[in-house]
Amino acid sequence: MTSTLSEETSATREVGELLANWPYPPPGGWTADDLDRLPQEGPHGEPDFFKHVELVDGALIFMSPQKRFHEHVLYGLRTCLNVQAPRHLKAVTQMDVVLGPRQRPCPDVLIIDSEVAKDRSRTAYTPEEVHLVIEVVSPESELRDRDVKPKRYAAAGIPHFWLVENNADEPVVYVYELDPVNQGYAITGIHHGRLKLADPFPIDVDLGELPD
């Protein structure tokens, strides 16, 4: 009992130290591990203050409320991918990927190993466990989704990346594969209406009829 109380006191102290000089970062900057120690409430008791936050290049990024298009695409793609995925793969939404000490983005959709997905206590995955990353572009995150984050995913060796753009409230999917020579993504197709691919597994999705 004493040990448990001591651990709880230590954890509370660590969080207090992290937030002592908010909004300035702690000494040495924010790290991927810090996100697991942040409370839901803000430094002044704001509810759900840290609920939707990711770490990119050592900076905390607070994600804006989703628009309906964003939620529709996330749910639709996750549902379709899980129907078509082989048994050893699983689609999940909005789970973190730790790319390095200062990099912990939260992609919109991930394809990960099914065995890894069974662990319900996980808060993040490693690049080796991720087969595909999908980002749905929002107006406030265009630079990160189109430029910053894809470079970080490629550098970490994630083999497949999709970027979903909003074209008059219809999803357009830009598909990229990792070029092992240049360690960057090369575009392999732009898909309007229908998404049909062979990798990372056979996929055939009607983008205009995503499940709601």
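This is a short walk through one predicted model, from its cores to a helix, a hairpin and a pocket.

Okay, housekeeping. Residues are numbered from 1 along each chain as its sequence is written, and side-chain values use heavy atoms, with hydrogens and water left out. Since we're on a prediction, local features need pLDDT of at least 70 and side-chain atom pairs count only at pLDDT 80 or more, while totals for chains, interfaces and linings use all residues.

Let's start inside. A nonpolar core here is a set of buried Ala, Val, Leu, Ile, Met, Phe, Trp, Tyr and Cys residues joined through side-chain atoms within 4.5 Å, with buried meaning under 20% relative accessible area (1.4 Å probe, protein chains only). The largest one has 25 residues, and Leu 81, Ile 134, Trp 162, Leu 195 and Ile 203 have the most contacts inside it. Helices and strands are DSSP runs (H or I, at least four residues; E, at least two), numbered from the N terminus. Helix H2 (68-84) is among the elements giving two or more residues to this core, and the largest share, 6 residues, comes from H2. There's also a second, separate core of 19 residues, which includes Ile 112, Ala 117, Phe 161 and Tyr 176.

So, H2 itself. Its buried residues include Phe 69, His 70, Leu 77 and Leu 81, and what covers the buried residues of H2 includes S3, S5, S7, S8, S9 and S12. How far apart are the end C-alpha atoms of H2? They're 24 Å apart, which agrees with the 24 Å that 17 residues should span at 1.5 Å a residue (the expected span is 1.5 Å times one less than the number of residues).

Quick detour to the hairpin: S1 (residues 53-56) and S2 (residues 59-62) pair antiparallel over 4 bridges, where pairing needs at least two DSSP bridges. Val 56 sits opposite Ala 59, and Asp 57 in the turn has a positive phi of about 55°.

Last, the pocket: an open set of points on a 1 Å grid over the protein atoms alone, where a 1.4 Å probe fits, with protein on both sides within 12 Å along at least five of seven lines; lining residues have an atom within 4 Å of a point. The largest pocket is lined by 26 residues, with His 70, Val 136, Ser 138, Glu 140 and Ser 141 nearest its centre. H4 gives the most to that lining, 5 residues. Ser 138 is in the loop between S7 and helix H4 (142-155). Buried or exposed? Ser 138 counts as buried, because its relative accessibility is 13%. Leaving aside neighbours within four places in sequence, Ser 138 is in contact (heavy atoms within 4.5 Å) with His 70 and Asp 145.

Notes. Buried < 20%, exposed > 50% of the residue type's maximum accessible area, 1.4 Å probe, protein only.
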